[in-house]
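Please find below my notes on this model, set out as numbered points. They start with an enclosed space and then move outward to the elements around it.

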Amino acid sequence: MRTMTNTVSLGWLYATLVIAAGCDSPNTPTYFPAMGPLGLEAGQMGVAEATATFPIPFRAPSDTERKILADESARLKFTMPWLRQDKIGVSVQYTLRNLADKSGTARITVNGSSEFANYDVAAQRMAIAAMALPQQQQDEIVIPALIQPAPLRFEAGEVVSGVIREDDFAEAALDLDAIGRWMARPASVLINRSEVNPIGMEKVPQGLIVPALFRVYLTLTASVPMRIEFTVRVRDGKDQLLAGDAVEFKPTPQAIAYMRGT
């Protein structure tokens, strides 16, 4: 079995069942298992795609915490997020199986939402379809994902395990906030790692507190039947995961619309 440590992603509908709790320190992770594996069957054109939505269950802030956020926002001149990327670590552990008796390719991509912005590729595709553009023009439009690794090639029956790392989710959260709140061009920020090439980040304020992703969209595209199993791992540095009778945090982030020429 191959083991991958590069960026890759996966998905289906999840349970909010926690199989390893105890966030008594920022480095103690909580694991959220999938309700079942995501299975893909090849489509008519030889490629199949499936997307799952995973809302990470966080608690809403108390009145006192809301007051602190408002005061900090006024002081810093930008809206402070309740869920901070520097306090929350998200990663995904997965196993992907080629169910076919022939080789094939697979790509696992990640998108998501912060409390301020929602980057949903499926919704953007629907918006493009509604533009009544000629089919050829629609086919030429490529919407990049927040996390988009190169495709993997699988031999018949091969099994691959891997991880989508915390640093990839951190970069995705920064890119999403740059696009959603600071008008960065997606084509600029999504093809560059910000620590290597900060192009597109010119309007992002110095000292910005980046909002973490609270909802993850996981898409698997495969050329032959594939099945994926996975677990979402969350490090909660501020005791913000939902527990007990706390109220769940359910923000309504603004959708990122497809922008031509971006």
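**The cavity, helix 4 and R233**

1. In this predicted model, the largest cavity is lined by Q85, I88, G89, V90, F169, A170 and L213. Strand 5 and helix 4 are the elements that each give two or more residues to this lining, and strand 5 gives the most, with three residues.

2. The space in the largest cavity comes to about 30 Å³, and the structure holds one cavity of 30 Å³ or more. Sorted by class, the lining of the largest cavity has five nonpolar and two polar residues, with no charged residue.

3. Helix 4 covers residues 166-182, and its 17 residues, at 1.5 Å a residue, should span 24 Å, which agrees with the 23 Å that separates its end C-alpha atoms. Just after helix 4, M183 takes a positive phi of about 60°.

4. How many of the 17 residues of helix 4 are buried? The count is twelve, so the helix is largely enclosed by the rest of the structure. Among these buried residues are F169, the acidic residues D168, E171, D175 and D177, and W182; F169 is also part of the lining of the largest cavity.

5. The partners of helix 4 are spread over several elements, for its buried residues pack against strand 5 (88-98), strand 6 (104-113), strand 7 (117-119), strand 9 (159-164), strand 10 (215-222) and helix 5 (186-189). Strand 5 therefore appears twice in this account, as a packing partner of the buried residues of helix 4 and as the element that gives the most to the lining of the largest cavity.

6. R233 is found in strand 11, which runs over residues 226-236. Is R233 buried or exposed? Its relative accessibility is 19%, and because the cut-off for a buried residue is under 20%, R233 counts as buried, although a reader should keep in mind how these two values compare.

7. The side chain of R233 makes a polar contact of 3.2 Å with the side chain of E166, a residue of helix 4 (residues 166-182). A further polar contact, of 3.3 Å, joins the side chains of R233 and Y31.

8. Leaving aside residues up to four places away in sequence, R233 touches P29, T30, Y31, G89, V90, S91, Q93 and E166. Of these, G89 and V90 also line the largest cavity, which gives a link between the surroundings of R233 and the space described in the opening points.

How values were computed: Residues are numbered from 1 along each chain as its sequence is written. This is a predicted model: local features need pLDDT of at least 70, side-chain atom pairs count only at pLDDT 80 or more; totals for chains, interfaces and linings use all residues. Side-chain values use heavy atoms; hydrogens and water are left out. Helices (H or I, at least four residues) and strands (E, at least two) are DSSP runs, numbered from the N terminus. Buried means under 20% relative accessible area, exposed over 50%, partly exposed in between (1.4 Å probe, protein chains only). A polar contact is a pair of N or O atoms within 3.5 Å; within protein, one must be able to donate a hydrogen and the other to accept it, and residues adjacent in sequence count only if both atoms are side-chain atoms. Contact means heavy atoms within 4.5 Å. The expected span of a helix is 1.5 Å times one less than its number of residues. On a 1 Å grid over the protein atoms alone, a cavity is a set of points where a 1.4 Å probe fits but cannot get out, and a pocket is an open set with protein on both sides within 12 Å along at least five of seven lines; lining residues have an atom within 4 Å of a point. Grid points are joined across faces, edges and corners, and a volume is the space filled by probe spheres set on the points. Ala, Val, Leu, Ile, Met, Phe, Trp, Tyr, Cys and Pro count as nonpolar, Asp, Glu, Lys and Arg as charged, and the others, Gly among them, as polar.
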